[in-house]
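Work through these exercises with the structure open beside you. Try each task before you read its solution.

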Amino acid sequence: MRDPRQAGPIDRGEDGVGAYFDAATATPLHPAAREALLAALDDGWADPGKLYTRARRARLLLDAARDTIAQVLGVRADEVSFTGSGTTAAHAAVLGGLAGRRRAGAVLVRSAIEHSAVLHAGERHVRDGGAETEVPVDRLGRVDLAAWAAAVSAPGVALASLIAASHEVGTVQPVAEAARLCREAGVPLHVDAAMSLGRAPVPGGWSLLTGSARKWGGPPGVGLLVLRKGTRWVSPYPADDRESGRWPGAPDLPAILAAAASLHAVHEEAAKEGERLSALVDHVRATVAATVPDVEIVGDPADRLPHVVTFSCLYVDGEALLTALDRRGFAVSSGSACTSSTLRPSHVLAAMGVLTHGNIRLSLHRDTTPEQVDRFLAELPGIVAALRAEVGM
């Protein structure tokens, strides 16, 4: 058998095209986004904050994009702001939500499986004298609602933060129930919906919501910060008159227009595309479990995002497995999805109490074909066996 890590040209498969299975990090640009982006490069480059004709045209386009996003989310247009990324949107939501509730307390409640953006915002808050409470999850990656209820009802809680669906294993969180518990405790809830927007509806009851355009097929460089009316929030940034004072700097209008067009498109396609991708994920889950010895499929098998599947292989190094798959033309994630450059063990998998090494996450998208998935499933057992043989297993 060929060494799966040997040097040489990447094997792209019979069709000559590699298989990109990392849509949870960045989804290929949706055709609607590409069309809107190209059109906006000619018609949407002026500063929408000025008063001359071309600027007023740009303002109309920005307002139209905001209206489109608001309609998809079921919120008011003036509750929607655009930021520079999903990460910065999460930073703004958490730090601004805490700052707006200083009189109520200084405690941030969050699940143990939040994205690194929320974790880093929490670390900043603690360094500045605040506190945080981490709520555990079960082995499927779902937050413990009894522990959540106790945490949000404790004295001094300023804000709670819960991811809508796990970015690493796809498990959908009980947002509606968590929001109800927060409401009863008088605590605003931030929902990180980066992984679910455009793929699954987000239940109501939240006060702040954030998202990332590149996760749904929009361009990078556009994040969403949605702040419901009546929510106390203070910008953690220096004052600026753009985006209602919620985000500094001039908006990237062409990218925003592309983000809005693609979110509307994927929202319209969500039911049909979700059914297709979910069937492919079911196929992956069943086949990997049947063909790869000593493997653990993680995450909820049913109450999950339609496009994400994660598994861990015993006796295999995650970096070596990722590299071997890359040599065969498969782009996947390994380790923690938010710290993959360091390949540190995933804090999400550790919190779930499942195997953290030899971890691979596949996240599919509208261009993923059954043939690509079948080629991956055909080659995976041999690749894993070769890597285990190298270490004497």
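**Exercise 1. Aromatic pairs**

Find how many aromatic pairs the structure holds, then describe the pair of phenylalanine 21 and phenylalanine 376.

Solution. The structure holds four aromatic pairs. Rings of Phe, Tyr and Trp (its six-membered ring) pair if their centres lie within 6.5 Å; planes under 30 degrees apart are stacked, over 60 edge-to-face, and the rest tilted. Phenylalanine 21 and phenylalanine 376 sit 5.8 Å centre to centre, with 90° between the planes, and this is edge-to-face. Now place the two rings. Phenylalanine 21 is in the loop between β1 (19-20) and α1 (31-43), while phenylalanine 376 is in helix α10 (residues 370-390). The pair links distant parts of the chain, 355 residues apart.

A word on the source: this is a predicted model, where local features need pLDDT of at least 70, side-chain atom pairs count only at pLDDT 80 or more, and totals for chains, interfaces and linings use all residues. Residues are numbered from 1 along each chain as its sequence is written, and side-chain values use heavy atoms, with hydrogens and water left out.

**Exercise 2. The seven-stranded sheet**

Give the strand order of the open sheet of seven strands, and say which strands stand at the edges.

Solution. Start with the terms. Helices (H or I, at least four residues) and strands (E, at least two) are DSSP runs, numbered from the N terminus. Two strands pair if DSSP finds at least two bridges between them. Strands of a sheet pair through backbone hydrogen bonds, either parallel or antiparallel.

Read off the order: β2-β8-β7-β6-β5-β3-β4, with mixed pairing. β2 (80-83) and β4 (131-135) are the edges; each has a single partner strand, so one side of each lacks a neighbour in the sheet. From one strand to the next, the twist averages 20°. Angles here run from 0 to 180 degrees between N-to-C directions, and axes are lines fitted to C-alpha atoms, for helices over the stretch in contact.

Zoom in on one pairing. β5 (residues 157-163) and β6 (residues 189-192) run parallel over four bridges. Leucine 162 has valine 191 in β6 as its bridge partner.

Add the helices. Contact means heavy atoms within 4.5 Å. Helix α2 (residues 53-73) packs on the sheet and touches β2, β7 (208-212) and β8 (223-227), with its direction at about 115° to that of β2. Helix α6 (residues 175-185) also packs on the sheet, touching β5 and β6, and its direction makes about 160° with that of β6.

**Exercise 3. The three-stranded sheet**

Name the edge strands of the open sheet of three strands.

Solution. The order is β9-β10-β12, with antiparallel pairing. β9 (295-298) and β12 (359-363) are the edge strands, each pairing on one side only. Four bridges join β9 to β10 (residues 308-313). Glutamate 296 has serine 312 in β10 as its bridge partner.

**Exercise 4. α2 against α7**

How do α2 and α7 cross, and which residues meet?

Solution. Two packed helices are described by the angle between their axes and the distance between the axes. The axes of α2 and helix α7 (residues 253-291) come within 9 Å and cross at roughly 30°. Angles under 35 degrees count as roughly parallel, over 145 as roughly antiparallel, 65 to 115 as roughly perpendicular and the rest as oblique. α2 and α7 are therefore roughly parallel. The crossing is left-handed: the near helix is turned anticlockwise from the far one by less than a right angle, whereas clockwise would be right-handed. The α2 side includes Ala58, Leu61 and Leu62, and these residues meet an α7 side that includes Leu253, Ile256 and His264. The contact of α2 with α7 divides into 11 nonpolar, three polar and no charged residues. Ala, Val, Leu, Ile, Met, Phe, Trp, Tyr, Cys and Pro count as nonpolar, Asp, Glu, Lys and Arg as charged, and the others, Gly among them, as polar.

**Exercise 5. α7 against α10**

State the angle between α7 and α10, and the classes of their contact residues.

Solution. α7 and α10 pack at about 15°, with axes 10 Å apart. That makes α7 roughly parallel to α10. Their crossing is right-handed. The contact has eight nonpolar, three polar and one charged residues.
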